[in-house]
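Subject: Structure handover: ligand site, cavities and pockets

Hello,

Here is the structure to look through. My notes on the ligand site and the empty spaces follow it.

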Amino acid sequence: MTAGTDVALRDQAAAVLRGNDAGGWTKASPLLYPHQWSWDSAFIAIGWAHLDVRRAMTELEQLFAAQWSTGMVPHIVFRAGRGARYFPGPEWWDCAAVTPAARGLPAQTTGICQPPVHALAVRRIWQLTPPPLRPAIRARIQALFPRLVHWHRYLATGRDPEASGLVTAYHPWEGTDNSPRWDRALARIEAPRPGPYTRLDTSELGDPAQRPTDWDYDRYLWLVELLREYRYDDEQIHRHYPFQIKDVFFSAVLVAANAALLDLAGVAGGGDGDRAEVAGWLDRGRAGLTRQFDAGSGLCADYDVRAGEQIRLRTFAGFAPLFARTADAGQRGAQLRLLDSADFCGNPRLRWPLLPSTSPAEPAFEPHNYWRGPVWPVIDWLLWQSLIELGCADRAAGLRRDSLAQVTGAGEFNEYFDPFTGAPLGSPRQSWTAAVVLDWAAPPP
Ligand code: 2M8
């Protein structure tokens, strides 16, 4: 890629973010996702940081303004109002009516959460802050820091009552919706009876085969009804609720984010107590992932708490030790070999050697279908960051080059891409795709 194409791509990516800017927060995409999503906002802030670090901080401040009193940062903040076309809307969640933890917020929210990319974003913003703006941005990071600690504490305690170091996910919408990782747990849910509903996503997109099925949606919505019945109370949920998965990808992001939070403690003047607490979560998270790592396959397995069984599928989540920047040379070596094997990036049918969401060797693999096969640029961005931090500069450079080639080849900033053809799929003008392209295409400092 030449310097000229980089500049053109940056301009196009910036135009996507600006086009989706709703004034202090950014729509995840104009078509499918008109509100503010949690981990989208973190990636989006990284994109904004290349255009204006102040705007980048505002994105996260707006998101954290909707943080629950438990510390949870909700997965959607319904900022676009009731007229916005998105299903399911706030009435399905009804959070403020059923739990005091969600009262007094500037907007309605959902009652679940997504991977905590936010501290990684704040660290990136700080790295990109030009010297004249540092005092002002440092003050804003100082103000946000306690909220970030509160968020991580919620995940390390409310979502991990066993102190296993692994976060319990409550819902497929906590990140990777229709990943085959959840298939067995969803199939075990007996007689889902959600109230009547009409999906909007399949008609908005035009190709239902790129989205979850109605079978999935019945279960997604039924789980929301149960969460509401349990008043989003973690203790009740842990006792009664049918879908509880120790999600190794989510847990790995928390490990990486805790490391970023420790770095930020220096910027924000965090006290010794905070640092010790965060360092404790970091160690516990690494140990939890090590217990889930299988040296034979080289993969890390999710764990279904209710069924008491490991989830051994070849998906991107199996690279949790890499996403967590594992310090263990054995794990790292096994994961790097697997990454470039025919099961993943070395598969000869791939258009680019990028990490697909599900291995083409997995029976559940579908190249067009959402989290069941396509390449998601944000996931490859997380992997790229990890590889840099792990000292794998050449592999990281390849991932960056191929990711940019994928977007340039498609000519679109879509949500996900067909791993075999590179064709753009899902929602067009997806903000987080534009954001990571801005980071990849940035001129070297
Ligand atoms: C997708 O999920 C939403 C529900 O949250 C949906 O399908 O309606 C997922 O890819 C999720 O990870 C992402 O945050 C969201 C917005 O981009 O879209």
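On a 1 Å grid over the protein atoms alone, a cavity is a set of points where a 1.4 Å probe fits but cannot get out, while a pocket is an open set with protein on both sides within 12 Å along at least five of seven lines; lining residues have an atom within 4 Å of a point. A molecule sits in one of these if more than half of its atoms lie within 2 Å of its grid points.

This is a predicted model, in which local features need pLDDT of at least 70 and side-chain atom pairs count only at pLDDT 80 or more, whereas totals for chains, interfaces and linings use all residues. Residues are numbered from 1 along each chain as its sequence is written, and side-chain values use heavy atoms, with hydrogens and water left out.

Ligand site

The ligand sits in the largest cavity. The shell around the ligand holds 16 residues, with Asp40, His75, Tyr86, Gly175 and Tyr370 the closest (near means a heavy atom within 4 Å). By class the shell has 9 nonpolar, 4 polar and 3 charged residues (Ala, Val, Leu, Ile, Met, Phe, Trp, Tyr, Cys and Pro are nonpolar, Asp, Glu, Lys and Arg charged, the others, Gly among them, polar).

Oxygen atoms of the ligand make polar contacts (pairs of N or O atoms within 3.5 Å) with these side chains:
- Gln430, at 2.9 Å
- Asp177, at 3.0 Å
- Trp371, at 3.2 Å

The protein covers 100% of the 410 Å² of accessible area that the ligand has on its own (Shrake-Rupley method, 1.4 Å probe).

Cavities

The whole structure has 6 cavities of 30 Å³ or more. The volume of the largest is about 200 Å³ (the space filled by probe spheres set on grid points, which are joined across faces, edges and corners). Its lining has 19 residues, and Tyr33, Trp37, Gln114, Asp177 and Tyr370 are the closest to its centre. That lining divides into 11 nonpolar, 4 polar and 4 charged residues.

Pockets

The largest pocket contains about 420 Å³ of space. Arg124, Gln127, Trp384, Gln385 and Asp439 lie nearest its centre, among 19 lining residues. Helices H6 (118-128), H16 (377-389) and H18 (431-440) each supply at least two of them (helices are DSSP runs of H or I, at least four residues, and strands runs of E, at least two, numbered from the N terminus).

The second largest pocket has about 160 Å³. Its 13 lining residues comprise 5 nonpolar, 1 polar and 7 charged.

Regards

Technical notes. Polar contact = N/O pair within 3.5 Å; in protein donor to acceptor, adjacent residues only side chain to side chain.
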